[in-house]
Amino acid sequence: MAKTNAIPNLITIAALDNTLAGLREDYKRATLDRADTGSDPLLFFRNWLDEALAAQVPEPNAMTLATVDVSGQPHARIVLLKGLEDGQFVFYTNYESHKAAEISENGRVALVFFWPELERQVRIEGLIAKVSAEMSEAYFAVRPRRSQLGAWASPQSREVTGREVLEERFQEAESRFEGVASVPRPTHWGGYGVTAHLMEFWQGRRSRMHDRIVFRKTDGGWEPVRLAP
Ligand SMILES: Cc1cc2nc3c(=O)[nH]c(=O)nc-3n(C[C@H](O)[C@H](O)[C@H](O)COP(=O)(O)O)c2cc1C
(Lines give C-alpha, C1' and ligand atoms only; values in the text may rest on other atoms or scores of the structure.)
Protein backbone atom coordinates (compact mmCIF):
# COMPACT_ATOMS: atom_id res chain seq x y z
CA MET A 1 0.00 0.00 0.00
CA ALA A 2 1.28 3.50 -0.85
CA LYS A 3 2.61 5.49 2.07
CA THR A 4 1.48 9.06 2.62
CA ASN A 5 4.45 10.62 4.29
CA ALA A 6 4.23 13.98 2.49
CA ILE A 7 4.84 16.98 4.78
CA PRO A 8 2.03 19.53 4.35
CA ASN A 9 3.23 22.94 3.12
CA LEU A 10 2.61 26.16 5.03
CA ILE A 11 -0.53 27.09 3.09
CA THR A 12 -2.06 23.77 3.96
CA ILE A 13 -1.14 24.21 7.61
CA ALA A 14 -2.77 27.68 7.66
CA ALA A 15 -5.90 26.21 6.07
CA LEU A 16 -5.87 23.44 8.64
CA ASP A 17 -5.57 25.96 11.47
CA ASN A 18 -8.64 27.77 10.10
CA THR A 19 -10.49 24.50 9.90
CA LEU A 20 -9.59 23.62 13.47
CA ALA A 21 -10.53 27.08 14.75
CA GLY A 22 -13.88 26.74 12.96
CA LEU A 23 -14.76 23.34 14.41
CA ARG A 24 -17.53 23.87 16.90
CA GLU A 25 -19.91 21.38 18.41
CA ASP A 26 -22.84 22.52 20.49
CA TYR A 27 -23.82 19.71 22.83
CA LYS A 28 -27.51 19.28 23.42
CA ARG A 29 -28.35 15.58 23.79
CA ALA A 30 -28.83 15.36 27.53
CA THR A 31 -28.48 16.93 30.95
CA LEU A 32 -26.88 15.71 34.17
CA ASP A 33 -27.99 16.60 37.65
CA ARG A 34 -27.12 15.36 41.15
CA ALA A 35 -30.53 13.69 41.28
CA ASP A 36 -29.56 11.53 38.27
CA THR A 37 -26.32 10.11 39.59
CA GLY A 38 -27.45 8.46 42.85
CA SER A 39 -24.89 8.05 45.62
CA ASP A 40 -22.65 5.31 44.12
CA PRO A 41 -20.49 6.59 41.24
CA LEU A 42 -19.38 3.05 40.30
CA LEU A 43 -23.00 2.03 39.74
CA PHE A 44 -23.62 5.22 37.81
CA PHE A 45 -20.52 4.53 35.68
CA ARG A 46 -21.99 1.11 34.82
CA ASN A 47 -25.19 2.82 33.65
CA TRP A 48 -23.24 5.17 31.39
CA LEU A 49 -21.10 2.32 30.05
CA ASP A 50 -24.28 0.31 29.32
CA GLU A 51 -25.67 3.32 27.47
CA ALA A 52 -22.42 3.67 25.48
CA LEU A 53 -22.67 -0.04 24.57
CA ALA A 54 -26.34 0.30 23.63
CA ALA A 55 -25.55 3.37 21.51
CA GLN A 56 -22.86 1.32 19.70
CA VAL A 57 -20.21 3.92 20.38
CA PRO A 58 -17.00 2.68 18.68
CA GLU A 59 -14.60 1.15 21.25
CA PRO A 60 -16.82 2.07 24.24
CA ASN A 61 -14.31 0.44 26.63
CA ALA A 62 -11.31 2.43 25.34
CA MET A 63 -9.86 4.64 28.06
CA THR A 64 -6.85 6.91 28.27
CA LEU A 65 -4.51 5.79 31.03
CA ALA A 66 -2.17 8.46 32.41
CA THR A 67 0.84 7.47 34.50
CA VAL A 68 3.61 9.64 35.97
CA ASP A 69 7.29 8.70 36.03
CA VAL A 70 9.80 9.50 38.80
CA SER A 71 10.80 12.79 37.14
CA GLY A 72 7.16 13.94 37.29
CA GLN A 73 6.66 13.53 33.53
CA PRO A 74 3.13 12.27 32.74
CA HIS A 75 2.62 9.65 30.02
CA ALA A 76 -0.76 8.81 28.47
CA ARG A 77 -2.04 6.09 26.15
CA ILE A 78 -5.22 4.18 25.44
CA VAL A 79 -5.95 0.77 26.96
CA LEU A 80 -9.15 -1.30 27.01
CA LEU A 81 -11.31 -1.76 30.08
CA LYS A 82 -11.82 -5.51 30.44
CA GLY A 83 -13.68 -5.69 33.73
CA LEU A 84 -15.05 -3.82 36.70
CA GLU A 85 -14.12 -6.23 39.48
CA ASP A 86 -14.66 -5.28 43.14
CA GLY A 87 -14.90 -1.65 42.13
CA GLN A 88 -11.62 -1.84 40.21
CA PHE A 89 -11.21 -0.75 36.59
CA VAL A 90 -9.25 -3.64 35.07
CA PHE A 91 -7.10 -3.69 31.92
CA TYR A 92 -4.39 -6.03 30.63
CA THR A 93 -0.92 -5.24 29.40
CA ASN A 94 2.76 -6.15 29.44
CA TYR A 95 4.36 -5.99 32.90
CA GLU A 96 7.69 -5.01 31.26
CA SER A 97 6.26 -2.07 29.29
CA HIS A 98 6.97 1.60 29.91
CA LYS A 99 3.62 2.01 31.65
CA ALA A 100 4.44 -0.90 33.97
CA ALA A 101 7.76 0.72 34.91
CA GLU A 102 5.99 4.01 35.65
CA ILE A 103 3.31 2.23 37.69
CA SER A 104 5.95 0.41 39.76
CA GLU A 105 7.42 3.80 40.70
CA ASN A 106 4.16 5.65 41.20
CA GLY A 107 0.78 4.00 41.83
CA ARG A 108 -1.21 7.19 41.23
CA VAL A 109 -2.91 7.10 37.85
CA ALA A 110 -5.78 8.67 35.93
CA LEU A 111 -8.24 7.25 33.40
CA VAL A 112 -10.43 9.09 30.88
CA PHE A 113 -13.35 7.76 28.84
CA PHE A 114 -14.83 9.84 26.00
CA TRP A 115 -18.08 8.82 24.34
CA PRO A 116 -18.62 11.53 21.70
CA GLU A 117 -21.94 10.12 20.44
CA LEU A 118 -23.33 10.59 23.94
CA GLU A 119 -21.45 13.87 24.52
CA ARG A 120 -20.01 12.35 27.69
CA GLN A 121 -16.64 12.16 29.41
CA VAL A 122 -15.73 10.28 32.59
CA ARG A 123 -12.53 11.09 34.48
CA ILE A 124 -11.17 8.76 37.13
CA GLU A 125 -8.26 9.22 39.51
CA GLY A 126 -7.01 6.48 41.76
CA LEU A 127 -4.43 3.95 42.84
CA ILE A 128 -3.31 1.07 40.67
CA ALA A 129 -2.18 -2.45 41.55
CA LYS A 130 -1.66 -5.74 39.71
CA VAL A 131 -4.65 -8.09 39.70
CA SER A 132 -4.15 -11.67 40.93
CA ALA A 133 -2.29 -14.15 38.71
CA GLU A 134 -5.49 -16.27 38.70
CA MET A 135 -7.47 -13.40 37.26
CA SER A 136 -4.85 -12.75 34.57
CA GLU A 137 -4.77 -16.49 33.72
CA ALA A 138 -8.56 -16.55 33.39
CA TYR A 139 -8.62 -13.61 31.00
CA PHE A 140 -5.57 -14.75 29.01
CA ALA A 141 -7.27 -18.13 28.45
CA VAL A 142 -10.26 -16.55 26.67
CA ARG A 143 -8.18 -14.34 24.34
CA PRO A 144 -7.94 -15.36 20.66
CA ARG A 145 -4.92 -17.62 20.05
CA ARG A 146 -3.19 -15.05 17.84
CA SER A 147 -3.47 -12.41 20.58
CA GLN A 148 -2.00 -14.93 23.02
CA LEU A 149 0.91 -15.50 20.64
CA GLY A 150 1.29 -11.74 20.27
CA ALA A 151 1.75 -11.43 24.02
CA TRP A 152 4.71 -13.83 23.75
CA ALA A 153 6.10 -12.17 20.63
CA SER A 154 5.94 -8.45 21.45
CA PRO A 155 8.49 -6.96 23.86
CA GLN A 156 6.10 -4.04 24.40
CA SER A 157 7.68 -0.56 24.52
CA ARG A 158 11.14 -1.81 23.54
CA GLU A 159 12.89 -0.46 20.48
CA VAL A 160 12.96 -2.86 17.53
CA THR A 161 15.09 -2.43 14.41
CA GLY A 162 12.21 -3.18 12.01
CA ARG A 163 8.80 -4.74 11.45
CA GLU A 164 10.52 -7.96 10.34
CA VAL A 165 11.85 -8.49 13.88
CA LEU A 166 8.27 -8.60 15.16
CA GLU A 167 7.14 -10.93 12.34
CA GLU A 168 10.03 -13.27 13.17
CA ARG A 169 9.22 -13.23 16.86
CA PHE A 170 5.58 -13.99 16.08
CA GLN A 171 6.60 -16.96 13.90
CA GLU A 172 8.90 -18.19 16.68
CA ALA A 173 5.99 -18.08 19.12
CA GLU A 174 3.78 -19.92 16.59
CA SER A 175 6.37 -22.71 16.23
CA ARG A 176 7.02 -22.87 19.95
CA PHE A 177 3.37 -23.53 20.74
CA GLU A 178 2.48 -25.57 17.65
CA GLY A 179 0.33 -28.51 18.74
CA VAL A 180 -0.11 -27.02 22.23
CA ALA A 181 -3.86 -26.74 22.77
CA SER A 182 -3.84 -23.80 25.14
CA VAL A 183 -1.07 -21.21 24.98
CA PRO A 184 0.13 -20.50 28.54
CA ARG A 185 0.16 -16.94 29.87
CA PRO A 186 3.61 -15.36 29.84
CA THR A 187 4.42 -14.16 33.37
CA HIS A 188 5.25 -10.72 31.92
CA TRP A 189 1.63 -10.27 30.80
CA GLY A 190 -1.30 -9.57 33.11
CA GLY A 191 -3.84 -7.20 34.49
CA TYR A 192 -3.93 -4.06 36.59
CA GLY A 193 -6.87 -2.72 38.56
CA VAL A 194 -7.48 0.95 39.33
CA THR A 195 -9.32 1.75 42.56
CA ALA A 196 -10.91 5.15 42.13
CA HIS A 197 -10.87 7.88 44.74
CA LEU A 198 -12.27 10.49 42.37
CA MET A 199 -14.81 10.10 39.59
CA GLU A 200 -16.14 12.90 37.42
CA PHE A 201 -19.11 12.65 35.08
CA TRP A 202 -19.27 15.28 32.32
CA GLN A 203 -22.27 15.84 30.12
CA GLY A 204 -21.93 18.33 27.26
CA ARG A 205 -24.48 21.16 27.26
CA ARG A 206 -25.28 24.13 25.05
CA SER A 207 -23.04 27.23 25.00
CA ARG A 208 -20.19 25.43 26.81
CA MET A 209 -22.31 25.41 30.00
CA HIS A 210 -21.63 21.71 30.53
CA ASP A 211 -22.71 19.64 33.53
CA ARG A 212 -19.94 18.24 35.77
CA ILE A 213 -20.59 16.11 38.84
CA VAL A 214 -17.51 15.00 40.79
CA PHE A 215 -17.47 12.29 43.46
CA ARG A 216 -14.63 12.27 46.01
CA LYS A 217 -14.08 9.26 48.25
CA THR A 218 -14.17 10.03 51.97
CA ASP A 219 -14.06 7.80 55.05
CA GLY A 220 -17.84 7.79 55.10
CA GLY A 221 -18.36 7.00 51.41
CA TRP A 222 -18.58 9.22 48.33
CA GLU A 223 -19.16 12.97 48.38
CA PRO A 224 -20.63 14.49 45.25
CA VAL A 225 -20.26 18.13 44.18
CA ARG A 226 -21.06 20.06 41.05
CA LEU A 227 -18.19 21.88 39.33
CA ALA A 228 -18.35 24.76 36.89
CA PRO A 229 -17.58 23.72 33.34
C1 LIG B 1 -7.88 1.45 20.89
C2 LIG B 1 -6.61 1.02 21.56
C3 LIG B 1 -6.65 0.02 22.52
C4 LIG B 1 -5.48 -0.38 23.17
N5 LIG B 1 -5.57 -1.31 24.16
C6 LIG B 1 -4.45 -1.68 24.84
C7 LIG B 1 -4.55 -2.56 25.97
O8 LIG B 1 -5.64 -2.98 26.40
N9 LIG B 1 -3.39 -2.91 26.58
C10 LIG B 1 -2.17 -2.44 26.16
O11 LIG B 1 -1.16 -2.82 26.76
N12 LIG B 1 -2.06 -1.58 25.14
C13 LIG B 1 -3.18 -1.18 24.46
N14 LIG B 1 -3.08 -0.28 23.43
C15 LIG B 1 -1.74 0.23 23.06
C16 LIG B 1 -1.33 1.34 24.06
O17 LIG B 1 -2.00 2.54 23.72
C18 LIG B 1 0.20 1.57 24.07
O19 LIG B 1 0.67 1.85 22.78
C20 LIG B 1 0.96 0.36 24.61
O21 LIG B 1 0.29 -0.22 25.72
C22 LIG B 1 2.38 0.73 25.03
O23 LIG B 1 2.33 1.73 26.01
P24 LIG B 1 3.60 2.08 26.93
O25 LIG B 1 4.82 2.01 26.05
O26 LIG B 1 3.32 3.45 27.44
O27 LIG B 1 3.66 1.07 28.03
C28 LIG B 1 -4.24 0.17 22.80
C29 LIG B 1 -4.20 1.19 21.83
C30 LIG B 1 -5.37 1.60 21.23
C31 LIG B 1 -5.30 2.73 20.22
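**Exercise 1. The ligand and Ser-97**

Task: In this predicted model, determine how far an oxygen atom of the ligand is from an N or O atom in the side chain of Ser-97, and then describe where Ser-97 sits and what surrounds it.

Solution. Step one is the distance itself, which is 3.5 Å between the ligand oxygen and the side-chain N or O atom of Ser-97. Step two places the residue in the chain, where Ser-97 belongs to the loop between E4 and H4. Step three asks about exposure: the relative accessible area of Ser-97 is 2%, and because buried means under 20%, this residue counts as buried. Step four looks at the surroundings, and once neighbours within four places in sequence are left aside, Ser-97 is in contact with Gln-156 and Ser-157. Both Gln-156 and Ser-157 also appear among the residues around the ligand.

**Exercise 2. The shell around the ligand**

Task: Work out which other polar atoms lie by the ligand, what percentage of the ligand's area the protein buries, and which elements give two or more residues to the shell.

Solution. Begin with Arg-77, of which a polar side-chain atom lies 2.9 Å from an oxygen atom of the ligand. For Tyr-92 the atom concerned is a backbone N or O, and it lies 2.9 Å from a nitrogen atom of the ligand. Next comes the area: the ligand taken alone exposes 620 Å², of which the protein buries 63%. The elements that contribute two or more residues to the shell are strand E2 (74-80), E4 and helix H4 (98-105). Of the elements, E2 gives the most, with four residues. The residues around the ligand include Arg-77, Ile-78, Val-79 and Leu-80, as well as Glu-59, Tyr-92, Thr-93, His-98 and Lys-99.

**Exercise 3. Arg-120 and its partner**

Task: Explain which parts of the chain are tied together by the salt bridge between Glu-51 and Arg-120, and characterise the surroundings of Arg-120.

Solution. The closest N and O atoms of the salt bridge between Glu-51 and Arg-120 are 2.7 Å apart. Since Glu-51 lies in helix H3 (residues 41-54) and Arg-120 in strand E6 (residues 120-130), the pair ties together parts that are 69 residues apart in sequence. The exposure of each partner follows from its relative accessible area: Glu-51, at 37%, counts as partly exposed, whereas Arg-120, at 9%, is buried. Turning to the surroundings, and leaving aside neighbours within four places in sequence, Arg-120 is in contact with Trp-48, Glu-51, Phe-113, Phe-114, Trp-115, Trp-202 and Gln-203. One of these, Gln-203, is 83 residues from Arg-120 in sequence, while the two C-alpha atoms are 4.8 Å apart in space.

**Exercise 4. Further salt bridges**

Task: State how many salt bridges a search of the whole structure finds, and analyse the pairs Glu-137 with Arg-185 and Arg-146 with Glu-174.

Solution. The search of the whole structure yields twelve salt bridges. In the bridge between Glu-137 and Arg-185, the closest N and O atoms are 3.3 Å apart. This pair links distant parts of the chain, with Glu-137 in helix H5 and Arg-185 in the loop between helix H7 (163-176) and E7, 48 residues apart. Glu-137 has 39% relative accessibility and counts as partly exposed, while Arg-185, at 14%, counts as buried.

The side chains of Arg-146 and Glu-174 meet in a salt bridge with an N to O distance of 3.2 Å. Because Arg-146 lies in helix H6 and Glu-174 in helix H7, the pair ties together parts that are 28 residues apart in sequence. Here Arg-146 is exposed, with a relative accessible area of 55%, and Glu-174 is partly exposed at 34%. Finally, salt bridges that share partners join Asp-33, Arg-205, Asp-211 and Arg-226 into one network.

**Exercise 5. The two sides of helix H5**

Task: Decide why the buried residues of H5 can be said to line one face of the helix, and identify elements that cover them.

Solution. First collect the buried residues of helix H5 (residues 133-141), which are Ser-136, Tyr-139 and Phe-140. Seen down the axis of H5, these buried residues fall within an arc of 100°, and therefore they line one face of the helix. On the other side of H5, Glu-134 and Ala-141 are exposed. The cover over the buried residues of H5 includes strand E4 (88-94), helix H6 (145-153) and strand E7 (189-203).

Definitions and conventions: Residues are numbered from 1 along each chain as its sequence is written. This is a predicted model: local features need pLDDT of at least 70, side-chain atom pairs count only at pLDDT 80 or more; totals for chains, interfaces and linings use all residues. Side-chain values use heavy atoms; hydrogens and water are left out. Buried means under 20% relative accessible area, exposed over 50%, partly exposed in between (1.4 Å probe, protein chains only). The arc is that of the directions from the helix axis to the C-beta atoms. Contact means heavy atoms within 4.5 Å. A salt bridge is a side-chain nitrogen of Lys or Arg within 4 Å of a carboxyl oxygen of Asp or Glu. A residue is near a molecule or strand if one of its heavy atoms lies within 4 Å of it. A polar contact is a pair of N or O atoms within 3.5 Å; within protein, one must be able to donate a hydrogen and the other to accept it, and residues adjacent in sequence count only if both atoms are side-chain atoms. Accessible areas come from the Shrake-Rupley method with a 1.4 Å probe; for residues, only the protein chains shown count as cover.
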